Amino acid sequence: MTAPTPWPAKQQYASAVRRPGTVFSHPRLADCEIQLSASGMPLTSTGRNAIVFAARTRDGERIAIRCMSREPASGGERYRALVAHRHAKPVDHGSPLVEAEWVEHGIRLSDRWWPVVLMPWVEGRLLDEAVAAVRDDPAALCHLAGNWRIALAQLASSRICHGDLQHGNVLVDDDLRLVLVDLDAVWVPFAAHLPPAEFGHRNYQHPHRDISQWGPDADSFSALVILLSMRALAADPGLWDIGRAGENLLFTREDLLTPGGTRIWKGLRRSPDPAVRRLTERLAQLCTGPPARVPPLEDVLRACDAGGPPHP
Ligand SMILES: Nc1ncnc2c1ncn2[C@@H]1O[C@H](COP(=O)(O)OP(=O)(O)O)[C@@H](O)[C@H]1O
Ligand SMILES: [Mg+2]
């Protein structure tokens, strides 16, 4: 048996996209202009699995071209299921998810076609940078937390689960509006038969979750981790210096594995905001319980009397 061909490395994609007319066939890509930095290199953003290029189409539209260095689980089927779900159940109250098209014959490299994900370019900074920028501004943090609740409510009402909520997959614009990118782990009813996607970022997932626990409720835990982080910082900006450890907001996997036992938990329990203290206790309980039993964000907020007025 021959080993499967490894997917191209990010650097290989970065060289290839400099010749769009040769490597792309999709009509919006073939004559696009790849955006370059001052030093002449393609402008890129990267995550764990992909490199994303900024480009401009002939019509002047800014697009993002996402090239993957690892095969996403059932990638094509999952993205097509999402598109089908969005068509079957159009929402009139907005969606926080970026529009994304899976292009099977995306980019030609090493004598074969590799898929790419084609999206509109989303302006903004990543959630952790956005939070860092407003960490001394409680009104902005509360506004961001409110927008987070709205985004989660939109997902819930359209029966979509993102599957990997974490700072690197949330872009925030200057008005603190949120867009979710990286749809490799999305769950929609049409994709329920597909194998579970990736596990999600370890600093945001239930500490006892395993990959098989994937379905319509898989966002509940990470949604609460993010909301509590923003609310807690609004009450006490000093928590940033305790909790921030690079790839996270306030919690790391080690914190989630030892609920109540690390410095950040102690800081949260001293929060001047009683709602933050109640949410902290609830999150600690949920960390020790089964991952499948985490209620949706709004239910947790209501039970902890931490929601304030319902989101619009
Ligand atoms: N549509 C988009 N517009 C602008 N930036 C994007 C877009 N999609 C992704 N990015 C940027 O690229 C980074 C990596 O993309 P992502 O899809 O999260 O890949 P990975 O699977 O490697 O995490 C993101 O963290 C974000 O900064
Ligand atoms: Mg990502």
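**Stop 1: ligand 1**

Select ligand 1 and the residues around it. In this predicted model, the shell holds 19 residues, and Ser45, Gly47, Asn49, Ala64 and Asp182 come nearest. Now colour by secondary structure. Three elements give two or more residues each to this shell: β2 (44-46), β3 (50-56) and β4 (62-68). Recolour the shell by residue class. Nine of its residues are nonpolar, six are polar and four are charged.

Where does ligand 1 sit relative to domain 1 and domain 2? Show residues 10-120 in one colour and 125-303 in another. Both domains give residues to the shell, so ligand 1 lies between them.

**Stop 2: the two domains**

Keep those two colours. The chain is divided into domain 1 (10-120) and domain 2 (125-303). Their C-alpha centres are 27 Å apart. Select the contact between them. Domain 1 puts in 22 residues, and domain 2 puts in 23. Look at the domain 1 side of that contact by class: eleven nonpolar residues, eight polar and three charged.

**Stop 3: strands of domain 1**

Go back to β4, one of the elements in the ligand shell. Add strand β6, residues 112-120. β4 and β6 pair in the antiparallel sense, over five bridges. Show Ile65 as sticks, then look across to β6. Which residue there is the bridge partner of isoleucine 65? Pick Leu118: this is the partner.

Next, add strand β5, residues 101-109. β5 and β6 are also antiparallel, with six bridges between them. Find Arg108 and look opposite. Trp113 in β6 stands there. Then follow the backbone round the turn. Two residues lie between the strands of this β5 and β6 hairpin, and Ser110 takes a positive phi near 50 degrees.

**Stop 4: a three-stranded sheet**

Move along to domain 2, which covers 125-303. Select β7, β8 and β9. They form an open sheet in the order β7-β8-β9, with antiparallel pairing. The edges are β7 (125-126) and β9 (178-180), each pairing on one side only. Zoom in on β8, residues 170-172. Three bridges join β8 to β9 in the antiparallel sense. Show Val172 and look across to β9: Leu178 stands opposite.

If you switch on hydrogen bonds, bear one thing in mind: strands of a sheet pair through backbone hydrogen bonds, either parallel or antiparallel.

**Stop 5: alanine 185**

Carry on along the chain from β9. Select Ala185, in the loop between β9 and α7 (220-235). Is alanine 185 buried or exposed? Count the C-beta atoms within 10 Å of its own. There are 22 others, and 20 or more count as buried, so Ala185 is buried.

Now show its contacts, leaving aside neighbours within four places in sequence. Ala185 touches His162, Gly163 and Asp164, and also Ala197, Glu198 and Gly200. For a view across the fold, draw a distance from Ala185 to Val83. These two are 102 residues apart along the chain, and their C-alpha atoms are separated by 14 Å.

**Stop 6: the whole chain**

Zoom out and show everything as cartoon. The chain has twelve helices and nine strands. Its radius of gyration is 20 Å, close to the 20 Å that the globule rule gives for 312 residues, so the chain is as compact as a globular protein of that length. Along the principal axes, the C-alpha atoms fill a box of roughly 60 × 45 × 40 Å.

Finally, colour by burial. Of the 312 residues, 37% count as buried. Among contacts with a separation of 6 or more, 65% join residues 24 or more positions apart.

Note on methods
Residues numbered from 1 in each chain as written. Chains lettered and ligands numbered in written order. Predicted model: local features only at pLDDT ≥ 70, side-chain atom pairs only at ≥ 80, totals over all residues. Near = placed C-beta within 6 Å. Helix = DSSP H or I, 4+ residues; strand = E, 2+ residues; numbered from the N terminus. Nonpolar A, V, L, I, M, F, W, Y, C, P; charged D, E, K, R; others polar. Domains from an automatic or database assignment. Rg over C-alpha atoms; globule rule 2.2 N^0.38 Å. Buried ≥ 20, exposed ≤ 12 C-beta atoms within 10 Å, placed from the backbone. Contact = placed C-beta atoms within 7 Å. Pairing = 2+ DSSP bridges.
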